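Open the model in your viewer and keep the selection tool ready. Each stop tells you what to select and what is there.

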Amino acid sequence: MAVAFTPSPRPTVGVEWELALVDRTSRDLVNAADAVLAGVRSAGSLAPGRVTGELLRNTVEVVSGVCENADAVAADLGEAVAAVRAAAEPLGVELACAGTHPFGQWSTDQLADGERYAELIERTQWWGRQMLIWGLHVHVGLDSADKVFPVLGALLHKAPHLQALTASSPFWTGVDTGYASNRAMMFQQLPTAGLPFAFERWEEYEGFVDDQLRTGVIDGLSDVRWDIRPAPHLGTLEVRVCDGVPTLAELRAVTALVHCLVVDLDRRLVAGERLPSMPPWHVQENKWRAARYGLDAEVVLDAAGRERLVTDDLADLLEDLQPVARDLGCVDALGAVEQITRTGASYQRQRAVAERSGGDLVAVVDALVGELRDGEPLRG
């Protein structure tokens with residue numbers, strides 16, 4: 001079947017940011033999304049669609065408009081978060097974001113209404129009910145469907161870098177999992193989630209979608225939950241590999257990095273360069289290494305099996321992307337990526353709080369709430 005791709009005339013960027021709702025006193029998750037969303041609507045300060053519900057009633061998602069760069073995204077989402085906070089505070093609800101809640105229990109959280117969510121849980125059962133996770137999704141516009149899979153395939157080289165930078169889910173139901181991003185391991189248990197298939201042409205993707213629809217694996221394109229996927233109706237490549245980030249500062253930096261990566265690959269493709277590819281077994285190994293070790297991961301660089309510490313590779317990558325960042329007006333935002341490696345990624349900061357507090361995971365949530373409110377990461 002044909003899958004229409006709506007071209008983006010410019011390489012614009014947009015972001016979806018999932019936020020957890022936590023009780024002001026206990027710091028546990030609270031099923032307050034309906035009340036918070038009602039408060040946002042009644043205030044009338046945001047356009048429809050800027051704040052939405054999600055699978056669970058302990059979550060809201062803030063959505064940016066179509067923006068030119070990471071600074072515009074951060075300004076847009078800062079406004080949306082302020083509106084959500086204004087609606088949440090009278091309810092005794094605070095906002096936090098990480099890939100997982102340090103001690104939340106999936107069995108106590110309520111599903112949002114909706115046939116799509118009910119069908120997801122009916123099909124996936126225990127694994128679907130376990131999806132107590134939060135993420136960051138970055139969309140970048142492309143002007144042709146023919147570019148989508150060459151860019152997507154090359155971008156998989158940098159997926160572990162993005163996963164390591166945003167890793168924020170070391171704890172799961174009160175236990176330190178030993179992983180920097182347990183969310184990455186959890187989410188791929190869904191039957192249509194995880195790493196994308198390495199198609200080369202748009203027509204191959206159309207054939208895949210046709211097969212999936214005919215066999216009942218999916219009911220629509222949104223059921224394909226890959227770490228990186230096309231969003232044909234928006235004309236974007238959607239990067240979903242990132243854990244939820246706790247601060248607007250980190251969101252701005254990661255958005256700039258994703259934006260620059262996609263635009264750089266787009267330009268190289270137009271210039272006639274054959275974009276790099278890597279065997280899927282190396283891609284899979286890199287995902288696991290980034291999830292397990294975060295910023296201490298050694299990633300596989302190419303088909304020859306060369307390896308390098310992810311932070312060293314990031315440092316060179318940030319330098320290589322400077323010309324693109326200047327063109328996009330996000331030099332400062334891209335430079336803030338290096339600050340994450342100095343301050344520590346969220347999984348490192350969370351573990352540091354837990355260690356200082358004698359294992360008190362309420363203190364970890366306190367720190368996450370504070371970081372989101374202040375907009376800046378605490379030093380681990």
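Buried means under 20% relative accessible area, exposed means over 50%, and partly exposed lies in between (1.4 Å probe, protein chains only). This is a predicted model, where local features need pLDDT of at least 70, side-chain atom pairs count only at pLDDT 80 or more, and totals for chains, interfaces and linings use all residues. Residues are numbered from 1 along each chain as its sequence is written, and side-chain values use heavy atoms, with hydrogens and water left out.

**Stop 1: the whole protein**

Show everything as a cartoon. You will find 14 helices and 13 strands. Helices (H or I, at least four residues) and strands (E, at least two) are DSSP runs, numbered from the N terminus. The C-alpha atoms fill a box of roughly 55 × 45 × 40 Å along the principal axes. The radius of gyration is 20 Å, which agrees with the value near 21 Å for a compact globule of 380 residues. That radius is taken over C-alpha atoms, and the globule rule is 2.2 Å times the number of residues to the power 0.38. Of the 380 residues, 58% count as buried.

**Stop 2: the cores**

Select Trp-17 and Leu-257. Of the 96 residues in the largest nonpolar core, these two touch the most other members. A nonpolar core is a set of buried Ala, Val, Leu, Ile, Met, Phe, Trp, Tyr and Cys residues joined through side-chain atoms within 4.5 Å. Which residues does Leu-257 touch, not counting those up to four places away in sequence? Among them are Leu-162, Leu-314, Leu-334 and Val-337. Contact here means heavy atoms within 4.5 Å. Now select Phe-187, Ala-193, Val-364 and Val-369. They are included in a second, separate core of 28 residues.

**Stop 3: helix α12**

Select residues 331–343, which form helix α12. Its end C-alpha atoms are 19 Å apart, in agreement with the 18 Å expected for 13 residues at 1.5 Å a residue. The expected span is 1.5 Å times one less than the number of residues. Its buried residues are Ala-333, Leu-334, Val-337, Ile-340 and Thr-343. They pack against several helices, including α2 (70–88), α5 (159–166) and α10 (310–320). Step on to Gly-344, which follows α12 and has a positive phi, near 110 degrees.

**Stop 4: cysteines**

Select Cys-330. Its sulfur is 3.5 Å from the closest cysteine sulfur, in Cys-260, too far for a bond. A disulfide is a pair of cysteine sulfur atoms within 2.5 Å. Cys-330 is buried, with a relative accessible area of 1%. How many disulfides does the structure hold? The count is 0. Cys-67 is in no disulfide, and the nearest cysteine sulfur, that of Cys-330, is 12 Å away. Cys-67 counts as buried because its relative accessibility is 7%.

**Stop 5: two loop residues**

Select Arg-27. It sits in the loop between β1 (13–23) and α1 (33–43). Its phi is near 65 degrees, a positive value in a residue other than glycine. Is Arg-27 buried or exposed? Arg-27 is buried, at a relative accessible area of 11%.

Move to Thr-173, in the loop between β6 (171–172) and β7 (175–176). Thr-173 is not a glycine, yet its phi is positive, about 50 degrees. Thr-173 is partly exposed, with a relative accessible area of 25%.
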